[in-house]
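Reader: Please take one buried polar side chain in this model and walk me through its surroundings. Then widen the view to the rest of the chain. Keep it brisk.

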Amino acid sequence: MRKFKLLLIITLTATLIIGCSKTNVTIKCLLTNTSYSEITDSLDFNAWVSNGDDTYIDNGSWLVFHPKDYGLSKGKDGDLYEITVKVYKDSSFGSSGIISAKKLNDTVDVNKVYEQYKASCGEYSCEDILRYPKKYRGTYMKFSGEVFQITSEEEDRVCFLLSTSEEDGYINVIYDRGADEPRILEGDQITVYGAYYILYNYTSLLGTQKSIPQLSGKFCEFD
């Protein structure tokens with residue numbers, strides 16, 4: 001079980017909603033990377049919210065304690081649920097507000113969802129992101145390069161600096177590795193897909209303060 005979670009919250013749009021009231025909303029949600037802990041009676045999974053067609057929006061990692069109380073049982077990869085969650089004042093929602101869930105009989109090709117996500121990730125320059133950080137916030141991106149330095153690693157989470165082909169183009173990547181995925185090592189040539197939200201500040205080897213884009217990695221491929 002991961003000790004730290006990067007929880008994403010998405011804002012409601014009409015296409016995401018199955019049913020709603022003034023205080024809650026029902027969405028269709030695909031579960032992937034499910035992990036159940038008997039010790040804490042908790043279900044950890046990646047949530048993908050239906051966009052009203054054959055596409056799904058990544059809603060990050062959800063952690064639900066006592067999942068049977070909500071109708072989630074232990075869950076498994078590829079399960080599709082109608083989930084009712086509390087709506088916050090800013091019209092967003094997340095796993096902390098789950099009210100109930102009902103398993104659907106529909107089937108979803110998980111790999112197709114993954115490929116759709118990767119295809120939605122565009123290529124951007126580090127310089128543009130540094131100049132207009134607010135403009136690109138929440139944008140899906142992909143970067144290729146060499147793992148320059150592993151800055152931290154704990155259980156299945158790894159943080160590293162990725163050196164791209166752009167001059168002085170470094171990306172700070174936070175990536176939750178799957179159970180069957182190999183470890184990422186310094187010197188690896190990889191392509192990482194994910195979402196940009198903030199700039200990361202760090203001290204270089206020369207002692208200077210630098211700001212670089214930070215990517216919440218969703219998928220990683222070895223080149």
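Author: Gln214 counts as buried, because its relative accessibility is 12% and the cut-off for buried is under 20%. Bear in mind that this is a predicted model. Gln214 is found in strand 13, which covers residues 209–222.

What does the side chain of Gln214 make a polar contact with? The partner is the side chain of Asn172, at 2.8 Å. The wider set of contacts leaves aside neighbours within four places in sequence. Gln214 then touches Asn172 and Ile174. Gln214 is also in contact with Ala195, Tyr196, Tyr197, Ile198 and Tyr200. Strand 11 runs over 170–176, and strand 12 over 189–203.

Now go along to Asn201. Asn201 lies in strand 12. The C-alpha atoms of Gln214 and Asn201 are 9.2 Å apart in space, with the two positions 13 residues apart in sequence. Is Asn201 buried or exposed? Asn201 counts as exposed, because its relative accessibility is 52% and the exposed class is over 50%. Gln214, in contrast, is buried at 12%.

Asn201 has its own link to strand 13. Its side chain and that of Ser211 are joined by a polar contact of 2.4 Å. Beyond neighbours within four places in sequence, Asn201 is in contact with Lys210 and Ser211. Strand 13 spans 209–222.

Tyr196, one of the contacts of Gln214, offers a way across the model. Glu127 and Tyr196 are 14 Å apart, C-alpha to C-alpha, and 69 residues apart in sequence. Glu127 is found in helix 2, residues 126–131. Glu127 is partly exposed, with a relative accessible area of 42%.

Next, take the loop between strand 11 and strand 12. Arg177 is found there. This charged side chain is a useful case. Arg177 counts as buried, at 10% relative accessibility. Its side chain reaches the backbone oxygen of Glu155 at 3.4 Å. With neighbours within four places in sequence left aside, Arg177 is in contact with Glu153, Glu155 and Asp156. Pro182 and Arg183 are also in contact with Arg177.

The loop before strand 11 holds a backbone detail. Asp168 sits in the loop between strand 10 (157–164) and strand 11. Asp168 is not a glycine, yet its phi is positive, at about 55 degrees.

Asp41 shows a positive phi too, of about 50 degrees, and is not a glycine either. Asp41 lies in the loop between strand 3 (24–37) and strand 4 (42–50). Its relative accessible area is 24%, so Asp41 is partly exposed.

Which residues is His66 in contact with, its neighbours within four places in sequence left aside? They are Asp41 and Ser42. His66 lies in the loop between strand 5 and strand 6 (80–86). His66 is partly exposed, at a relative accessible area of 41%. The C-alpha atoms of His66 and Arg177 are separated by 25 Å, and the two residues are 111 apart along the chain.

Strand 5 itself gives another buried polar case. Ser61 has its place there, within residues 56–65. Ser61 is buried, with a relative accessible area of 6%. Its side chain makes a polar contact with the side chain of Asn46, at 3.3 Å. Strand 4 covers 42–50.

Now the whole chain. Its secondary structure comes to 2 helices and 13 strands. The radius of gyration is 18 Å, close to the 17 Å that the globule rule gives for 223 residues, so the chain is as compact as a globular protein of that length. The C-alpha trace spans about 55 × 35 × 30 Å along its principal axes.

Of the 223 residues, 43% count as buried. Among contacts with a separation of 6 or more, 57% come from residues 24 or more positions apart. The accessible surface is about 12000 Å², and 49% of that belongs to carbon and sulfur atoms.

Charge comes last. The chain has 24 positive side chains and 32 negative ones. The centres of the two sets lie 8 Å apart.

Terms used:
Residues numbered from 1 in each chain as written. Predicted model: local features only at pLDDT ≥ 70, side-chain atom pairs only at ≥ 80, totals over all residues. Heavy atoms only, no water. Helix = DSSP H or I, 4+ residues; strand = E, 2+ residues; numbered from the N terminus. Buried < 20%, exposed > 50% of the residue type's maximum accessible area, 1.4 Å probe, protein only. Polar contact = N/O pair within 3.5 Å; in protein donor to acceptor, adjacent residues only side chain to side chain. Contact = heavy atoms within 4.5 Å. Rg over C-alpha atoms; globule rule 2.2 N^0.38 Å. Areas by Shrake-Rupley, 256 points an atom, 1.4 Å probe, with all protein chains shown as cover. Lys, Arg positive; Asp, Glu negative; His and termini not counted. Charge placed at Lys NZ, Arg CZ, Asp CG, Glu CD.
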